[in-house]
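Welcome! Please open the model in your viewer, switch to a cartoon view, and keep the selection tool handy.

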Amino acid sequence: MKRGKRYLESAKLVDSTKLYEAKEALEIVEKMPKTKFDQTVELHVRLGVDSKHADQQVRGTVVLPNGTGKSLKVLVFAKGDRAKEALDAGADYVGAEELVPKIEKENWFDYDVIVATPDMMGVIGRLGKVLGPKGLMPNPKSGTVTMDVKKAIAEIKSGKVEYRLDKTNIIHLGFGKVSFGAEKLAENYQVIMDAIIKSKPSAAKGQYIKSVAITTTMGPSLKINQK
């Protein structure tokens, strides 16, 4: 693969044989040549679990102390007082059954997170085949199926992120923007890693954290020394 000039300049700052401390790696990210847009800083954590087994799933949510740097659009499935509450709390879209054909037939996905009250899950279930593959299905574990829509919206808007294992036993997650600087990114990193470590399934045997890497949207990967 042919790499661009900016990537090659960034790669010169990275020792591919070294395990960096997280703060040191983020200081290098900060020094990399700037792009025309504010790149997302990504975390990739390979775990010593088997995602094929239900008792080895790793999934949860955490509110990042410095946010994500991204303004997330929230769609809320609710009726009556809860719908009004959602609008007052800053939801971008609020609705019920009438949204099903819009999502199914019009391929409408102009939102990042869906929150639903428990009574709306029957409606949401009809959209499982569409929302599931995109990771948009509301889930009680991630706090997106709740009667407290106000709290759910506030957390999402302030920097709540979900981490979950993919089929290759890796968690991929954006945890801020390059413009945050190493200090704030390191704070976000630590909160996420603490949460992932606490989420270790009791069925997981052997080494839990296999490898950790930090990258930017268009930059090289830095291997992290995560004890």
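Here is a short tour of strands and the helices beside them, in a model that is predicted.

**Stop one: an open sheet**

Select residues 74-77, which form strand β3. Now add 93-95 for β4 and 113-116 for β5, the two edge strands, each of which pairs on one side only. Together you have an open sheet of 3 strands in the order β4-β3-β5, with parallel pairing. On average, neighbouring strands here are turned by 20 degrees against each other, direction ignored.

Zoom in on β3 and β4: they run parallel and are joined by 3 bridges. To find one pair, click Leu75, whose bridge partner in β4 is Tyr93. Strands of a sheet pair through backbone hydrogen bonds, so showing backbone atoms is a good idea at this point.

**Stop two: helices on the sheet**

Next, select residues 99-106. This is helix α4, which lies across β3 and β4 and runs at about 130 degrees to β3. Then colour residues 149-158, helix α7, which packs on the sheet and touches β3 and β5. The direction of α7 makes about 165 degrees with that of β3.

**Stop three: around β8**

Move on to residues 209-216, strand β8. Is β8 largely enclosed or not? Because 6 of its 8 residues are buried, β8 is largely enclosed by the rest of the structure.

Add residues 40-47 to see β1, which pairs with β8 in the antiparallel sense over 7 bridges. Val45 has Val212 of β8 as its bridge partner.

Finally, select 222-224, strand β9, which pairs with β8 in the antiparallel sense over 3 bridges. Look for Ile214 and its bridge partner in β9, Leu222. A hairpin of 5 residues joins β8 to β9.

Conventions. Residues numbered from 1 in each chain as written. Predicted model: local features only at pLDDT ≥ 70, side-chain atom pairs only at ≥ 80, totals over all residues. Heavy atoms only, no water. Pairing = 2+ DSSP bridges. Helix = DSSP H or I, 4+ residues; strand = E, 2+ residues; numbered from the N terminus. Axes fitted to C-alpha atoms, helices over the stretch in contact; angles between N-to-C directions. Contact = heavy atoms within 4.5 Å. Buried < 20%, exposed > 50% of the residue type's maximum accessible area, 1.4 Å probe, protein only.
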